[in-house]
Amino acid sequence: MAAQTKVAVIYYSATGTTYQMAQAVCEAAGDAGADVRLRKVRELAPDEAIRSNSGWEAHRLETQDVPEAMLDDLAWADVVIFGAPTRYGIIAAQLKQFIDTSGPLWAQGALANKVYSGFTSTGTLHGGQETTLTSLFNVFYHWGGIVVTPGYTDTSQFIAGNPYGASHTSNNGEIAPDSVALEACALTARRAVQIGTALKAGMGG
């Protein structure tokens, strides 16, 4: 029997929107037969800033038991799906900081030939969803990874409208991910697992 495809879902979320999307990604990946790890990246903001926002503080407490991402999670996974809200059209610093620690694995070639994908959220419409995802993909190209996107491979994507990855407009955290965004998350996960599994089989994994 072939070994399960291993999927690491690594995310950053301040008030919970991206966390909800990460949960949808995990659920779909698990339903597709993968062994899934959900990991959050380390928070960089000072406690004072977090306490000043009730939603931010509440979400920190809600997810206090979610393990923090480690480099071992990248090494372990066949498929890595990253999620973060946008900050000025690129990924949040918390996720970028984690990615910046990956140099030792990259130097060993340990990040090559894995499947990578992403999802994001913005506070406003046209707030940088596409640029956030495509800038994240630049990392994967450096790693020698295989980038998998939802594209327009399902009719639901003609409603979601973002071929680069799952995305959602939260109105600055006031609107939770809807069924369109969550289905885009699920489609992203299913495609990543499908292609990751095919590659794993082809490599004799």
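Angles between axes under 35 degrees count as roughly parallel, over 145 as roughly antiparallel, 65 to 115 as roughly perpendicular, and the rest as oblique. The model used here is predicted, with local features needing pLDDT of at least 70 and side-chain atom pairs counting only at pLDDT 80 or more, while totals for chains, interfaces and linings use all residues. Residues are numbered from 1 along each chain as its sequence is written, and side-chain values use heavy atoms, with hydrogens and water left out.

**Exercise 1. A helix pair**

Task: State how helix 1 and helix 9 are oriented to each other, and which residues meet.

Solution.
- Step 1: Find the helices. Helix 1 covers residues 17-31, and helix 9 covers residues 179-202. Helices are DSSP runs (H or I, at least four residues) and strands are E runs of at least two, numbered from the N terminus.
- Step 2: Read the geometry. The two helices pack at an angle of about 45°, and their axes are 8 Å apart. Axes are lines fitted to C-alpha atoms, for helices over the stretch in contact, and angles run from 0 to 180 degrees between N-to-C directions.
- Step 3: Classify. Helix 1 and helix 9 are therefore oblique to each other.
- Step 4: Give the hand. Their crossing is right-handed. In a right-handed crossing the near helix is turned clockwise from the far one by less than a right angle; anticlockwise would be left-handed.
- Step 5: List the contacts (heavy atoms within 4.5 Å). Helix 1 brings Gln 20, Met 21, Ala 24, Val 25, Ala 28 and Ala 29. Helix 9 brings Leu 182, Cys 185, Ala 186, Ala 189, Arg 190 and Val 193. By class, this contact has ten nonpolar, one polar and one charged residues. Ala, Val, Leu, Ile, Met, Phe, Trp, Tyr, Cys and Pro count as nonpolar, Asp, Glu, Lys and Arg as charged, and the others, Gly among them, as polar.

**Exercise 2. The largest core**

Task: Say which residues of the largest nonpolar core touch the most other members, and which helix gives the most to this core.

Solution.
- Step 1: Fix the terms. A nonpolar core is a set of buried Ala, Val, Leu, Ile, Met, Phe, Trp, Tyr and Cys residues joined through side-chain atoms within 4.5 Å. Buried means under 20% relative accessible area, exposed over 50%, and partly exposed in between (1.4 Å probe, protein chains only).
- Step 2: Name the residues. The largest core has 29 residues, and Ile 10, Leu 74, Phe 82, Leu 95, Ile 99, Phe 140 and Trp 143 touch the most other members.
- Step 3: Find the suppliers. Strand 1 (6-11), helix 4 (71-76), strand 3 (79-87), helix 5 (93-100) and helix 7 (129-143) each supply at least two residues. Helix 7 gives the most, with six residues.
- Step 4: Zoom in on Trp 143. Leaving aside neighbours within four places in sequence, its contacts are Leu 74, Phe 82, Ile 99, Ser 102, Trp 106, Leu 111, Ala 112 and Tyr 116.
- Step 5: Look beyond this core. Another core, of 26 residues, lies apart from it, and its members include Ala 22, Val 115, Val 148 and Ala 166.

**Exercise 3. Buried or exposed?**

Task: Place Arg 39, Thr 188, Thr 63 and Val 180, and classify each one as buried, partly exposed or exposed.

Solution. Contacts here leave out residues up to four places away in sequence.
- Arg 39 sits in strand 2 (residues 35-40). Arg 39 is buried, at 17% relative accessible area. Its contacts include Val 9, Tyr 11, Glu 68 and Asp 73.
- Thr 188 belongs to helix 9. At 1%, Thr 188 counts as buried. Thr 188 touches Ser 117, Gly 118, Pro 150, Gly 165 and Ala 166.
- Thr 63 is in the loop between helix 3 (54-62) and helix 4. Thr 63 is buried, at 4%, and touches Tyr 11, Tyr 19 and Lys 40.
- Val 180 is also placed in helix 9. At 30%, Val 180 counts as partly exposed. Val 180 contacts Ile 159 and Ala 160.

**Exercise 4. Positive phi**

Task: Find where Tyr 88 and Asn 113 lie, and give the phi of each.

Solution.
- Tyr 88 is in the loop between strand 3 and strand 4 (90-91). Its phi is near 55°, a positive value in a residue other than glycine. Tyr 88 is exposed, at 88%.
- Asn 113 is in the loop between helix 6 (103-107) and strand 5 (115-122). Its phi is near 65°, also positive in a residue other than glycine. Asn 113 counts as partly exposed, at 48%.
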